[in-house]
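Please look at the sequence and the model below. The report that follows describes some of what can be read from the atoms.

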Amino acid sequence: MSTSGFVQDKEMRPGWNRPPLVEPDGEGELLELAMGPHHPSTHGVFRMDVALDGERVIRLKPVFGYLHRNHEKIAEGSSYLASMPFTDRLDYMCPLTNNWAYALAVEKLTGQEVPERAEYLRVILGELTRVVNHASAIGFLIQEMGASGTPLMYAFKEREKILDLFEALTGARMMVNYMRFGGCRVDATPAWLDGVRKVVAGLPKFADEYENLLRSNEIRRVSAFYAPNWP
């Protein structure tokens, strides 16, 4: 097999001069293909530069660092406020904390003060978002270790309760567009705060149940036992 084109420019393409994953065995040129940048099933946006011998992957180089939706460039032509909805989409598991971070940056630039009630409300929403993020992240991790379905569904069970609260307050479950410079878009009602108290009261039980599920899970325990000696 000829790999002349592959070798000639390898000095200009860092990462391509490493040993191949497998030795090519066909006749002809390697097919160099850029897969992506794409999002689905990759937990983020990145590109994979691959060299193929038929359907066999000979070399692969992951290329990271792509923007999610070109948010920074879009913001150059938008007002500060019009950019707020884009922060929801930078990490759809943490829309409210992304709103908050952007609001804090603009408030620091403009010297705006935030009312105490709005500060408390932001903290409550940020902590609820953190529960959603961490529980879901653990669920996805355990699923990818082989415990398909159950741990993730346990996480999503609690996530749904919190998303119900987000929807009641902001009108949306994920793309909330809630924070505003100097405060929040709408205030929380007493009934909403009662709902938060009810959900939070159940979190210790959920955490204990979730930990027990994961620590006693046979698939995870077997994976941890064999992983250090995996070929």
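In this predicted model, D164 forms a salt bridge with R173, and their closest N and O atoms are 2.8 Å apart. D164 is partly exposed at 42% relative accessibility, and R173 is also partly exposed, at 24%. Salt bridges that share partners join R159, E160, D164, E167 and R173 into one network.

R159, a member of this network, lies in helix α6. Is R159 buried or exposed? R159 has a relative accessible area of 10%, and because buried means under 20%, R159 counts as buried. Apart from neighbours within four places in sequence, R159 is in contact with M93, V132, S136 and M174.

Side chains of opposite charge can pair when their charged atoms come close. By the rule used here, the count comes to 13 salt bridges. Three of them are listed in the table, including the pair already described.

| Salt bridge | Closest N and O atoms |
|---|---|
| D164 and R173 | 2.8 Å |
| E76 and K73 | 3.1 Å |
| R130 and E127 | 2.5 Å |

E76 and K73 both lie in helix α2, which covers residues 71–76, and they are three residues apart, about one turn of the helix. Both E76 and K73 are exposed. R130 and E127 are likewise three residues apart, about one turn, but they lie in helix α5. R130 is partly exposed, with a relative accessible area of 44%, and E127 is partly exposed, with 38%.

The next topic is how helices pack. Two packed helices are described by the angle between their axes and the distance between the axes. For α6 and helix α7 (residues 190–215), the angle is about 170° and the axes are 11 Å apart. α6 is therefore roughly antiparallel to α7, since angles over 145 degrees count as roughly antiparallel. Many residues meet in this packing: among them are Y154, I162 and L165 in α6, and W192, V199 and F206 in α7.

How are α4 and α5 placed relative to each other? Helix α4 (residues 95–110) and helix α5 (residues 116–144) pack at an angle of about 140°, with their axes 9 Å apart. The two helices are therefore oblique to each other. On the α4 side, the contact is made by L96, T97, W100, A103, L104 and E107, and on the α5 side by R122, V123, L125, G126 and T129.

After α6 (150–170) comes a loop that leads to β4 (179–180), and N177 is placed in this loop. N177 has a positive phi of about 50°, although N177 is not a glycine. At 23% relative accessibility, N177 counts as partly exposed.

On the surface, L31, L33 and M35 make a nonpolar patch of about 260 Å². L31 is found in strand β1, residues 31–38. The relative accessible area of L31 is 48%, so L31 is partly exposed.

Some totals describe the whole protein chain. The secondary structure comes to eight helices and five strands. From the N terminus on, the elements run α-β-β-β-α-α-α-α-α-β-β-α-α. Of the 231 residues, 33% count as buried. The accessible surface comes to about 14,300 Å², and 58% of this surface belongs to carbon and sulfur atoms. Among contacts between residues at least 6 apart in sequence, 58% join residues at least 24 apart.

Methods: Residues numbered from 1 in each chain as written. Predicted model: local features only at pLDDT ≥ 70, side-chain atom pairs only at ≥ 80, totals over all residues. Heavy atoms only, no water. Helix = DSSP H or I, 4+ residues; strand = E, 2+ residues; numbered from the N terminus. Buried < 20%, exposed > 50% of the residue type's maximum accessible area, 1.4 Å probe, protein only. Patch = residues over 30% accessible without salt bridge, like charges linked within 9 Å, V, L, I, M, F, W, Y side chains within 5 Å. Areas by Shrake-Rupley, 256 points an atom, 1.4 Å probe, with all protein chains shown as cover. Salt bridge = Lys/Arg side-chain N within 4 Å of Asp/Glu carboxyl O. Contact = heavy atoms within 4.5 Å. Axes fitted to C-alpha atoms, helices over the stretch in contact; angles between N-to-C directions. Parallel < 35°, antiparallel > 145°, perpendicular 65-115°, else oblique.
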